[in-house]
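Subject: Structure handover

Hello,

Here is the structure I promised to pass on. Please open it alongside this note.

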Amino acid sequence: MSPIFEFLFGQYRDYETYQIVLEVIAVIFGLLSVWYSKQNNILVYPTGIISTSIFVFLLYKWGLLGDMMINAYYFIMSIYGWYVWTRKVSDTQFTPITRTTKKEQQFSVIIFIATLIFVYIVYETFDKWTSWTAYVDTLTTAIFFVGMWLMAKRKIENWIFWIIGDLITVPLYFYKGYTISSFQYLIFTIIAVYGYIAWKKILDKNPQTLLR
């Protein structure tokens with residue numbers, strides 16, 4: 001076996017085949033979801049629901065409580081986002097891409113702080129402060145919670161939170177030994193940058209965006 005291949009994927013030798021297959025499937029649908037989000041396409045949600053439901057199961061099996069909570073939250077917010085994106089604000093237009101209001105920015109701060117407190121309580125209850133990665137998990141969970149809420153509300157700032165969270169998660173997942181998921185977040189980061197650019201062009205061109 002190649003030393004490089006061993007370095008990147010050696011940890012998977014201890015996994016059951018079905019877990020590897022499920023992770024690959026979840027990653028594929030996760031990438032599709034982020035791509036559809038970049039395209040401002042409603043398919044972001046059904047593909048995201050498939051991906052997150054699989055990851056909730058896998059992360060539970062792997063004992064990654066923080067990451068499991070993130071994906072469970074994604075699942076719930078995907079259902080909410082699906083509703084918001086398809087809700088008509090007039091006879092011809094659906095919820096458009098917009099920038100966050102001051103009130104929404106304040107609520108984002110509340111979500112961030114509340115998530116930090118919630119994750120702390122959960123980790124303390126289940127005695128999960130066993131590694132420095134737990135503290136990073138707490139931070140990324142709060143970042144992603146805000147990002148998902150803003151995406152569900154169709155706010156362009158959601159991409160900023162995704163980019164920051166993804167950049168932290170790439171090396172974190174690699175360190176944990178989940179190379180496939182680490183590569184996924186690397187691609188997420190690239191798509192998120194292009195997603196922000198694409199949404200900004202749509203917003204600048206037509207503030208009252210139609211659902212595609």
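Below is what turned up, topic by topic.

Keep one thing in mind from the start: this is a predicted model.

**The cavity**

A search of the whole structure finds one cavity of 30 Å³ or more. The space inside the largest cavity is about 350 Å³. Its lining counts 25 residues. G30, V34, Y74, W162 and F188 are the ones that lie nearest the centre.

Several helices take part. Two or more lining residues come from each of α2 (17-38), α3 (44-62), α4, α6, α7 and α8. The largest share belongs to α3, with seven residues. By class, the cavity lining has 15 nonpolar, nine polar and one charged residues.

**The pocket**

The largest pocket holds about 170 Å³ of space. Its lining is made of G63, L64, L65, D67, Y123, K128, T130, S131, T133, A134, D137 and K176. Two elements give two or more residues to this lining: α4 (65-86) and α6. The most comes from α6, which gives three residues. The classes divide into four nonpolar, four polar and four charged.

**Aromatic rings**

How many aromatic pairs are there? The count comes to 18. Take F144 and Y185 as an example. Their ring centres are 6.1 Å apart and their planes meet at 35°, so this pair is tilted. The two residues belong to distant parts of the chain, 41 residues apart. F144 is in helix α6 (residues 132-152). Y185 is in helix α8 (residues 179-205). Both F144 and Y185 are buried.

The pair is also part of a wider group. One aromatic cluster is formed by W62, Y74, F144, W162, Y173, Y178, Y185 and F188. Three names here also came up with the cavity: Y74, W162 and F188 are among the residues nearest its centre.

**Charges over rings**

Two cases to look at. K38 lies over the face of W35, 4.6 Å from the ring centre. R154 lies over the face of W85, and here the distance to the ring centre is 4.0 Å.

**Two residues with positive phi**

Most residues other than glycine have a negative phi. R154 has a positive phi of about 60°, although it is not a glycine. D127 also has a positive value, near 55°.

Both sit in loops. R154 is in the loop between α6 and α7. D127 is in the loop between α5 (102-125) and α6.

Is R154 buried or exposed? R154 has a relative accessible area of 0%, so it counts as buried. D127 has a relative accessible area of 58%, so it counts as exposed.

**D166 and T189**

D166 is in helix α7. Its relative accessible area is 3%, so D166 is buried. Which residues does D166 contact, leaving aside neighbours within four places in sequence? They are F144, Y185, F188, T189 and A192. Of these, F144 and Y185 are the tilted pair described above. F188 belongs to the aromatic cluster.

T189 lies in helix α8. T189 has 9% relative accessibility, so it too counts as buried. Not counting residues up to four places away in sequence, T189 touches D166, L167 and V170.

One distance to add. The C-alpha atoms of D166 and W85 are 24 Å apart in space, with their positions 81 residues apart in sequence.

**L172**

L172 is also found in helix α7 (residues 158-176). At 4% relative accessibility, L172 counts as buried. Where are its contacts? L172 touches W132, T133, V136 and D137, again not counting residues up to four places away in sequence. T133 and D137 are also in the lining of the largest pocket.

Measured against W85, the picture is one of separation along the chain and in space: the C-alpha atoms of L172 and W85 are 32 Å apart, and the residues are 87 apart along the chain.

**Where to look**

If you have little time, start with the cavity and the residues nearest its centre, G30, V34, Y74, W162 and F188. Then turn to the tilted pair of F144 and Y185. End with R154, which lies over the face of W85 and has a positive phi.

Best wishes

Note on methods
Residues numbered from 1 in each chain as written. Predicted model: local features only at pLDDT ≥ 70, side-chain atom pairs only at ≥ 80, totals over all residues. Heavy atoms only, no water. Phe/Tyr/Trp six-rings, centres within 6.5 Å; stacked < 30°, edge-to-face > 60°. Helix = DSSP H or I, 4+ residues; strand = E, 2+ residues; numbered from the N terminus. Buried < 20%, exposed > 50% of the residue type's maximum accessible area, 1.4 Å probe, protein only. Lys NZ or Arg CZ within 6 Å of the ring centre and 35° of its normal. 1 Å grid on protein atoms, 1.4 Å probe; cavity = no way out; pocket = protein on both sides within 12 Å on 5 of 7 lines; lining within 4 Å. Points joined across faces, edges and corners; volume = space filled by probe spheres on them. Nonpolar A, V, L, I, M, F, W, Y, C, P; charged D, E, K, R; others polar. Contact = heavy atoms within 4.5 Å.
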